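Here's a quick tour, starting with a single residue and moving on to the cysteines and the confidence scores. Have a look at the model first.

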Amino acid sequence: MKLFELASPPWYSNAVVRHITLGILVGFTLSITSTSISSYWRSRRRQSLSQEQHEFRPIVLKSDEVVHGVTGLIGNTPLVRIDSLSDALGVEILGKAEFLNPGGSVKDRVALRIIEDAERQGLLHPHTGSRIFEGTVGSTGISIAMIAKARGYDTTIIMPDDVAQEKVNALLALGADVQRVRPASIVDKKQYVNIARRAAIEFGRSDIMKGLEDAHTNHELHTGSASVVVTTTSSHVNAEGTIDDPLDEDLLSKPRGFFADQFENRSNFEAHYNGTGPEIWRQTNSHIDAFVSGAGTGGTIAGIGQFFKSMNEDVQVVLADPEGSGLYNKVKHGVMYDRKEAEGTKRRHQVDTIVEGIGINRMTNNIDLAIPIIDDAFRITDVEAVAMSRYLVQNDGLFLGSSSACNLVACIKFVKKWGWREGQTLVTILCDSGNRHYSKFWNDEYLRKANIPVDRSIIDSLITQPGSGI
């Protein structure tokens with residue numbers, strides 16, 4: 001007997017080998033086929049989800065849906081696709097239409113949260129003759145004045161005298177006491193924010209001094225926050241600003257002065273972290289690749305940006321910074337400075353730009369919350385912002401303000417820098433409409449005198465220029 005025949009098991013044969021080999025081939029083929037089918041259906045599912053995410057439909061109103069008062073109209077604003085830019089760039093650029101808030105801007109959210117937080121903490125009581133003080137370039141003041149009227153408060157707004165007249169007119173129409181001052185540095189006691197703070201302190205002091213022999217009585221209430229100032233005309237306050245009985249009728253019923261301080265007040269951040277951010281996340285079905293925003297107080301980019309990062313750390317947070325603001329250099333180089341800050345080179349004493357509402361040259365509590373989560377920043381010129389505003393009217397019928405235009409220019413620059421063109425989603429804020437900018441940003445004669453050309457072809461050039469594709 002041959003050795004091979006001794007070593008081979010009795011069941012071994014060519015037929016068995018063929019069957020085993022055939023079985024292996026069939027199994028392998030089925031495995032590949034099932035994997036291919038699985039991949040195909042996953043791909044179809046992703047396409048379906050993408051279509052669902054960007055299937056834009058008219059807003060559907062529910063039956064028996066009635067909101068309570070003007071504050072019920074704040075928030076839940078639509079997310080609108082900017083068709084011209086999205087189609088040209090091959091991405092989805094979505095704008096949160098904050099100009100549809102009842103006060104006309106994103107600042108409605110901030111004003112409401114500041115006032116509601118103050119009421120919850122017992123710092124403000126409606127219909128007591130209390131007055132809210134704020135230093136603002138306009139939009140926050142308008143929002144505060146509107147909500148204050150609805151809640152039973154008076155309002156004093158201190159603002160620079162070089163802002164658009166339309167904002168002043170809106171404040172006066174809402175019954176606010178408006179005081180306009182020369183723009184100045186924050187270190188100057190005559191700066192508009194500092195004046196607002198001082199006015200809130202003096203509100204309580206003047207009435208107390210008239211009625212009390214003790215000129216050292218402290219009328220400023222302890223709030224637990226260095227930025228929030230609350231004063232009262234009641235004499236039932238301890239020297240250190242504490243009170244013995246929180247239900248004291250005299251204390252609850254007497255007028256108070258309240259300094260809102262949007263720049264430092266944490267409520268600014270919370271309005272966006274707990275409100276605007278989650279709204280956008282739901283509206284996009286959590287499909288966001290980048291968030292682009294300017295910063296004035298820092299609350300919007302900090303609140304929304306931090307919320308997005310908490311949901312997906314890969315979301316890029318991008319700053320749009322106008323000329324004259326120091327935030328761009330703070331993000332890029334760690335120094336809050338702009339070349340236009342050099343002595344004798346500025347047109348204005350605040351932030352040297354035609355853009356209103358964004359840009360700042362100092363750190364605030366809310367800016368501090370934003371800096372760590374900002375991934376990139378872009379300097380936007382006045383010429384680019386003006387060009388974008390005209391481009392949007394011509395191509396989309398969107399009549400927007402200066403900060404909205406800045407945000408959208410930054411969207412283009414970011415997309416070009418990273419070579420995005422495969423349907424990535426960018427979300428930005430459409431802060432207010434052009435209705436508040438007729439006298440300056442939307443006034444061609446004013447722009448001509450300021451040597452700012454009006455040329456929407458600049459945006460066409462930005463769109464068509466090759467991207468760096470970093």
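A helix here is a DSSP run of H or I that is at least four residues long, with numbering from the N terminus. Keep in mind that this is a predicted model.

By that definition, Tyr328 sits in helix α11, which covers residues 327–333. Is Tyr328 buried or exposed? Neither label fits: its relative accessible area is 22%, so Tyr328 counts as partly exposed, the cut-off for buried being under 20%. Leaving aside residues up to four places away in sequence, Tyr328 touches Leu319, Asp321, Ala377, Phe378 and Arg379. Gly359 is 31 residues away from Tyr328 along the chain, and their C-alpha atoms are 9.2 Å apart.

Now for the cysteines. The count of disulfides in the structure is zero. Take Cys431: the closest cysteine sulfur belongs to Cys406, and at 9.2 Å from the sulfur of Cys431 it's too far for a bond. For a pair to count, the sulfur atoms would have to be within 2.5 Å. As for burial, here are two of the cysteines:

| Residue | Relative accessibility | Status |
|---|---|---|
| Cys411 | 0% | buried |
| Cys431 | 13% | buried |

How far can you trust the coordinates? The chain's average pLDDT is 85, and 79% of the residues score at least 70. Residues 208–218 stay under 50, and the model gives them ten contacts beyond four places in sequence. Residues 342–351 also have pLDDT below 50, with 30 contacts beyond near neighbours in sequence. Where pLDDT is low, predicted coordinates shouldn't be read in detail.

Definitions and conventions. Residues numbered from 1 in each chain as written. Predicted model: local features only at pLDDT ≥ 70, side-chain atom pairs only at ≥ 80, totals over all residues. Heavy atoms only, no water. pLDDT = per-residue confidence, 0-100. Contact = heavy atoms within 4.5 Å. Helix = DSSP H or I, 4+ residues; strand = E, 2+ residues; numbered from the N terminus. Buried < 20%, exposed > 50% of the residue type's maximum accessible area, 1.4 Å probe, protein only.
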